[in-house]
Amino acid sequence: AKIGGKNRNRFYDPAMSRNLMRRREIEAELRAAIQRDELAIFFQPIVDLDSGRIRTFEALVRWFHPEKGELMPDEFIPVAEDTGLIVTLGNWITAQAARTAVHWPDDVTLAVNLSPLQIKAPGAALGILSALRDAGLPPSRLELEVTESLFLDDNHATENFINELAAAGVHFALDDFGTGYSSLGYIDRFPFSKIKVDRSFVSGPKVGRKSEAIIRAVAELGAQLGMDIVAEGLETIEQVATVRAAGCSMGQGYYFSRAVPDYIAATLLAHERQP
Ligand code: C2E
Ligand code: CA
Ligand code: CA
Ligand code: CA
């Protein structure tokens, strides 16, 4: 490949246009995907690091495209966000996941990811509460995962949304903590019951004594404020031991399980609850 060659054309980048074409395609097809039943919700356990028991399942959307195969959310959620489709898609995901979660034991909660745009849509909080009511899932069994990007354009809609649902009993988790514009102000201002420490602190090239110290500090803060600290992306027993020693109360990652279809989630629960 020529890098920075004389013929480089700044106005036509084949890689970029392929990317753009794929996005356009995905956008068009995503509209039909729900109706065609191509989307599925998978569930990944979040485990209590002391008892090893499943406390929560995080709903993660999957798209089984007839030609492109399995698409991961990183490929289509951003498209859904750019086009506003995330509102419809997000409502569908919450409703669908809640219908699965009603079959779990009462002490197992459901975590659902929320995009900032979903929160700003009119009637967003009511939409979630009515999805729960339709499914028969008590609000206290839902936990909404939001990222710090939500607070970038600080407005009342966000605050109202969170306060309205928190008053109804819904829990909130701060997702991907440490990757964005981390500010302790959000933790103070909003009723988070959980902080999820991003997996870049657990695995990857930057992990070391420093990242361990950061996890320890976040865990200490969590203990002080009565919040659970979840370590994301645990792939090895060494990582589990490290985050547990650093004070994390819960863990999530391939070491325990990948995201699995609903019937396998049910099997995991049944298995650990056998007498
Ligand atoms: P996230 O919320 O941080 O979700 C965790 C991601 O890390 C998931 O990827 C999960 O499969 C992956 N993961 C879990 N354990 C491990 C591990 O041990 N090692 C590694 N390498 N990865 C692990 P997934 O399912 O591809 O989702 C990616 C992102 O897409 C999510 O990041 C979330 O931001 C977004 N997303 C997924 N489902 C939804 C959804 O229903 N709604 C919205 N708004 N966003 C979603
Ligand atoms: Ca998440
Ligand atoms: Ca995360
Ligand atoms: Ca993430």
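**Calcium sites and core of a predicted model**

Modeller: This is a predicted model. In it, Asp-176 bridges two calcium ions, ligand 4 and ligand 3, which lie 3.9 Å apart. Asp-176 sits in strand β6, residues 171-177.

Biologist: What makes Asp-176 a donor of the calcium ion (ligand 4)?

Modeller: Distance. Asp-176 (OD) coordinates that ion at 2.9 to 3.1 Å. The cut-off for Ca is 3.2 Å, so these contacts count.

Biologist: Which residues are the protein donors of the calcium ion (ligand 2), and how do you know that they qualify?

Modeller: They are Glu-58 (OE), Asn-113 (OD1), Glu-145 (OE) and Asp-175 (OD). They lie 2.1 to 2.3 Å from the ion. That is within 3.2 Å, so they are donors. Along the chain their spacing is E-x54-N-x31-E-x29-D.

Biologist: Why do you say that Glu-145 and Asp-175 tie parts together?

Modeller: Glu-145 lies in strand β5 (residues 142-146) and Asp-175 in strand β6, so the pair links parts 30 residues apart in sequence. Both residues are buried. Asp-175 also coordinates the calcium ion (ligand 3), 3.9 Å from ligand 2.

Biologist: What makes the 74 residues a nonpolar core?

Modeller: They are buried nonpolar residues joined through side-chain atoms within 4.5 Å, so the set is called a core. This is the largest one, with 74 residues. Those with the most contacts inside it include Phe-43, Leu-110 and Leu-165. Helix α3 (residues 86-101) gives the most, with 7 residues.

Biologist: Which residues does Leu-165 touch, leaving out those up to four places away in sequence?

Modeller: Ala-125, Ile-128, Leu-129, Leu-144, Val-170 and Phe-172.

Conventions. Residues are numbered from 1 along each chain as its sequence is written. Chains are lettered from A and ligands numbered from 1 in the order in which they are written. This is a predicted model: local features need pLDDT of at least 70, side-chain atom pairs count only at pLDDT 80 or more; totals for chains, interfaces and linings use all residues. Side-chain values use heavy atoms; hydrogens and water are left out. Donors are N, O and S atoms within 2.8 Å of the metal (3.2 Å for Na, K and Ca); water is not among the atoms, so sites may look incomplete. Helices (H or I, at least four residues) and strands (E, at least two) are DSSP runs, numbered from the N terminus. Buried means under 20% relative accessible area, exposed over 50%, partly exposed in between (1.4 Å probe, protein chains only). Contact means heavy atoms within 4.5 Å.
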